[in-house]
There are 2 protein chains.
Amino acid sequence: MNIDGKQAAAELRVRLAKEVDALQSERGITPGLTVVLVGEDPASQVYVRNKVKQTREVGMISNEIRLDESTTEEALLTILAELNIDDTVHGILVQLPLPKHINEEKIIATIKPEKDVDGFHAMNSGRLLNGEKGALVPCTPQGCVILAKHHLGDDLSGKHAVIIGRSNIVGKPVSILFLQENCTVTIAHSRTQDLPNMCRQADILVAAVGRPEMVKADWVKPGATVIDVGINRIELSDGKTKLVGDVDFNDVSPVAGAITPVPGGVGPMTIACLLKNTVEAAKIYGK
Amino acid sequence: MNIDGKQAAAELRVRLAKEVDALQSERGITPGLTVVLVGEDPASQVYVRNKVKQTREVGMISNEIRLDESTTEEALLTILAELNIDDTVHGILVQLPLPKHINEEKIIATIKPEKDVDGFHAMNSGRLLNGEKGALVPCTPQGCVILAKHHLGDDLSGKHAVIIGRSNIVGKPVSILFLQENCTVTIAHSRTQDLPNMCRQADILVAAVGRPEMVKADWVKPGATVIDVGINRIELSDGKTKLVGDVDFNDVSPVAGAITPVPGGVGPMTIACLLKNTVEAAKIYGK
């Protein structure tokens with residue numbers, strides 16, 4: 001069966017809308033998300049538009065700061081310093097990638113960890129790793145866990161989660177999240193020996209490598225839950241293009257117990273979890 | 001064969017003594033470690049004495065601040081604030097456990113991350129997880145990797161490291177370190193199903209659970225490298241006590257390719273890596 005990411009994201013947004021209501025009536029706080037976009041990257045523009053729309057739909061305040069491609073690093077740092085001390089802003093998101101003359105690491109390190117709703121700041125990574133309270137956790141990994149639970153129920157204890165990929169954005173944080181859920185966790189990657197055999201042991205298989213349709217049916221234990229984080233555009237024989245995941249969907253689907261499609265799986269969860277992080281930030285740190 | 005932790009620690013100290021010399025002659029910096037001990041815990045006293053002795057042996061400055069059991073949290077925080085801005089202090093270590101009236105988490109969070117030679121501050125955990133420069137990494141996990149390389153050589157790429165235990169002090173950071181070494185990494189724990197079968201897949205097996213002699217011969221793949229982090233005191237039939245690891249040494253030793261004994265394995269590496277962290281802190285952040 002397919003795990004419907006669109007539906008799961010819609011359900012999450014409904015829950016968030018209620019939490020936003022409660023925050024407003026009980027504490028007079030309306031969670032606010034400010035997205036900073038530098039330059040004219042078309043994919044980023046579409047993405048930011050969706051973020052703004054969904055942020056408003058759940059009753060939150062959405063601000064956009066659009067800056068010219070030529071904006072200096074110093075100017076961006078000044079803007080972030082202002083957002084860091086603005087009590088109406090609970091979440092700050094600087095849309096990546098940034099123009100090459102701006103140091104991304106420096107920008108991420110400048111965002112106040114308590115407003116870093118992307119969860120990329122080292123303080124948030126560390127709080128996640130240590131299981132400390134108040135961590136803001138990267139969005140896509142949270143989406144993966146929610147979708148796995150959508151099929152398997154809330155108790156993942158004892159399940160073997162195999163994660164292919166070890167990026168800071170997905171592979172490593174999603175490994176820590178499944179560990180917190182009391183899964184046995186294996187992190188596999190390009191250097192892993194006999195990767196298919198390792199994957200076949202998975203009760204939950206997460207593919208996050210960016211290689212189109214790499215995971216085949218014989219990599220999957222019958223009945224396993226397959227979470228496909230990949231979004232790859234491939235060219236078809238007729239010259240048209242198509243979005244596919246890191247999992248060969250048609251091959252794997254008959255074997256898997258459940259699988260997230262691409263598109264319509266993990267993708268829709270990412271923005272929903274960004275809203276979730278903003279609500280969390282407002283709840284924990286809001287004044 | 002046994003992996004000799006005492007010898008590896010001695011070799012590391014020789015290397016560190018040279019680095020201390022170089023730091024002094026090239027930059028005029030003598031790395032300084034300040035250990036803060038609150039109360040009269042006898043085990044901590046012995047441990048601190050060893051730290052002081054070894055710190056001096058490699059040519060570093062060692063300071064000890066001994067505080068009465070009744071010291072308030074506020075007083076300790078004030079002392080840490082002073083150490084944080086003292087340029088002659090490159091490493092600060094607050095000996096744990098602290099008396100119950102002092103909040104350990106708050107103390108750890110107050111130490112400047114750049115001087116946190118225990119590597120417990122969330123900024124250091126996050127820098128470790130993200131692979132950022134300037135992370136100070138917990139000592140025992142570093143010792144585990146050095147001992148594994150002592151037997152296997154520097155290239156651990158593609159080896160399967162299975163870690164039993166998921167503590168903040170050992171299990172989680174050592175998993176990240178082996179991942180950085182391009183190992184496939186599995187984190188197993190009390191909820192893992194068929195733990196012996198998982199362990200039998202390990203090329204490198206790290207036991208860090210605190211359960212005396214839990215790992216038996218049939219948990220170990222012939223030829224595997226076994227790193228035993230456990231230090232458990234057990235009572236013998238004659239009423240005497242004995243230190244044993246988490247691995248049943250006599251049972252496993254004939255099967256393993258190499259194994260760290262307890263005592264004399266991982267233990268001696270921990271202080272040596274503390275000195276290493278202090279030298280690193282002085283190198284990276286020293287003025």
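# Briefing: charges, salt bridges and backbone oddities

At 41% relative accessibility, A:Glu69 comes out as partly exposed. That residue sits in the loop of chain A that runs between strand E2 (61-67) and helix H3 (73-84). One thing to keep in mind throughout: this is a predicted model. Below is a quick tour of the charged surface patch, the salt bridges, the record's annotations and some backbone details.

**The negative patch**

- A:Glu69 has company: together with A:Glu40, A:Asp41 and A:Asp68, A:Glu69 makes up a patch of negative charge on the surface.
- Strand E2, at one end of the loop that holds A:Glu69, is also home to A:Ile65.
- With a relative accessible area of 24%, A:Ile65 is partly exposed, since anything under 20% would be called buried and anything over 50% exposed.
- A:Ile65 and A:Val36 make a neat long-range pair to look up: they are 29 residues apart in sequence, yet their C-alpha atoms are 4.7 Å apart in space.

**What the UniProt record says**

- The unreviewed UniProt entry puts a "binding site" feature at A:Gly165, A:Arg166, A:Ser167 and A:Ile231.
- Of these, A:Gly165 can be placed in the loop between strand E4 (160-164) and helix H7 (171-180) of chain A.
- A:Gly165 counts as buried, because its relative accessibility is 5% and the cut-off for buried is under 20%.
- The record, again an unreviewed entry, also lists "domain: Tetrahydrofolate dehydrogenase/cyclohydrolase NAD(P)-binding" at residues 138-283 of chain A.
- In the model, that span of chain A is 35% helix and 19% strand, and its end C-alpha atoms lie 17 Å apart.

**Salt bridges**

- Over all chains, the structure holds 18 salt bridges.
- As background, side chains of opposite charge can pair when their charged atoms come close.
- In chain A, A:Lys221 pairs with A:Asp203 in a salt bridge, with 2.7 Å between the closest N and O atoms.
- A:Lys221 is in the loop between strand E6 (204-207) and strand E7 (225-228), while A:Asp203 is in the loop between helix H8 (195-199) and E6, so this pair ties together parts of chain A that are 18 residues apart in sequence.
- How accessible are the two partners? A:Lys221 is partly exposed at a relative accessible area of 30%, and A:Asp203 is partly exposed at 22%.
- Over in chain B, B:Lys53 forms a salt bridge with B:Glu57, and here the closest N and O atoms are 3.3 Å apart.
- Both B:Lys53 and B:Glu57 belong to helix H2 (residues 42-57) of chain B, where they sit 4 residues apart, or about one turn of the helix.
- B:Lys53 is exposed, as its relative accessible area is 52% and the exposed class starts over 50%.
- B:Arg127 and B:Glu114 also meet through their side chains in a salt bridge, at 3.3 Å from N to O.
- With B:Arg127 in helix H5 (residues 122-130) and B:Glu114 in the loop between helix H4 (104-110) and H5, the pair ties together parts of chain B that are 13 residues apart in sequence.
- Are these partners buried or exposed? Both B:Arg127 and B:Glu114 are buried.
- Back in chain A, A:Arg15, A:Glu19 and A:Lys283 are joined into one network by salt bridges that share partners.

**Cis peptide bonds in chain B**

- B:Leu96 and B:Pro97 are joined by a cis peptide bond, with omega at about 0°.
- B:Pro97 is part of the loop between strand E3 (91-94) and H4 of chain B.
- A cis peptide bond also runs from B:Val262 to B:Pro263, with omega near -5°.
- You'll find B:Pro263 in the loop between strand E10 (258-259) and helix H10 (266-285) of chain B.

**Positive phi outside glycine**

- A:Asn182 has a phi near 65°, which is positive even though the residue is not a glycine.
- Its spot is the loop between H7 and strand E5 (184-188) of chain A.
- A:Asn182 is buried, with a relative accessible area of 18%.
- B:Asp194 is another non-glycine residue with positive phi, near 50°.
- The loop holding B:Asp194 runs between strand E5 (184-188) and helix H8 (195-199) of chain B.

Notes
Residues numbered from 1 in each chain as written. Chains lettered and ligands numbered in written order. Predicted model: local features only at pLDDT ≥ 70, side-chain atom pairs only at ≥ 80, totals over all residues. Heavy atoms only, no water. Patch = residues over 30% accessible without salt bridge, like charges linked within 9 Å, V, L, I, M, F, W, Y side chains within 5 Å. Areas by Shrake-Rupley, 256 points an atom, 1.4 Å probe, with all protein chains shown as cover. Salt bridge = Lys/Arg side-chain N within 4 Å of Asp/Glu carboxyl O. Lys, Arg positive; Asp, Glu negative; His and termini not counted. Charge placed at Lys NZ, Arg CZ, Asp CG, Glu CD. Helix = DSSP H or I, 4+ residues; strand = E, 2+ residues; numbered from the N terminus. Buried < 20%, exposed > 50% of the residue type's maximum accessible area, 1.4 Å probe, protein only. UniProt positions renumbered as here; feature names shortened; annotations may be inferred.
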